[in-house]
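Work through the following exercises with the sequence and the model side by side, and attempt each task before reading its solution.

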Amino acid sequence: MAWSIYSRQKATTKEEGIGLLTITDSAVNYLLSAMSTSGLNGYAARLRIIGRAIEGFQYDFRTVPLSDRSEDDHVLQAGDLVVYLDAATVPLIEGTTIDTKPDGGLKIDNPTPV
């Protein structure tokens with residue numbers, strides 16, 4: 001199962017249509033496990049596009065305290081995982097999927113042209 005974010009406020013498991021952002025269960029579990037192992041319970045993941053390169057967008061993906069939410073952040077929830085997206089990132093992230101890589105870590109598949 002994957003969590004498809006169809007609005008700025010709520011994650012669903014609907015499979016139809018292109019959502020804003022899809023996070024696979026394995027990616028959610030990977031992030032929550034990494035946060036828990038690091039003692040970061042009560043934290044959110046922040047995803048921002050910070051630039052462009054020849055091969056695609058450059059991302060800043062980090063954990064932040066839940067209190068680090070900015071006024072213009074879009075708040076997404078996938079199960080127990082909270083994700084903050086800044087307003088500048090939202091139009092560039094539509095249709096993106098976050099999944100785990102077979103060798104560990106995360107991969108971000110963004111169909112938006114650079």
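**Exercise 1: the pairing of a strand**

Strand S4 (residues 43-53) pairs with S7 in the parallel sense over 3 bridges, where strands are DSSP E runs of at least two residues, numbered from the N terminus, and two strands pair if DSSP finds at least two bridges between them. This is a predicted model, in which local features need pLDDT of at least 70, side-chain atom pairs count only at pLDDT 80 or more, and totals for chains, interfaces and linings use all residues. Residues are numbered from 1 along each chain as its sequence is written, and side-chain values use heavy atoms, with hydrogens and water left out.

Task: find which residue of S7 is the bridge partner of Leu47, and which residue stands opposite Val83.

Solution: Begin with S4, where Leu47 has Leu85 of S7 as its bridge partner. Turn next to strand S6 (residues 74-78), which runs antiparallel to S7 and is joined to it by 5 bridges; here Leu76 stands opposite Val83. Finally, follow the hairpin that S6 and S7 form, with 2 residues between them, and note that Gly79 in the turn has a positive phi of about 65°.

**Exercise 2: the burial of S7**

Task: explain why S7 (residues 81-85) is largely enclosed by the rest of the structure.

Solution: Count the buried residues (under 20% relative accessible area, 1.4 Å probe, protein chains only): 5 of the 5 are buried, so the strand is largely enclosed. Then separate the faces, since Leu81, Val83 and Leu85 lie on one side, Val82 and Tyr84 on the other, and all are buried.

Key
Buried means under 20% relative accessible area, exposed over 50%, partly exposed in between (1.4 Å probe, protein chains only). Helices (H or I, at least four residues) and strands (E, at least two) are DSSP runs, numbered from the N terminus.
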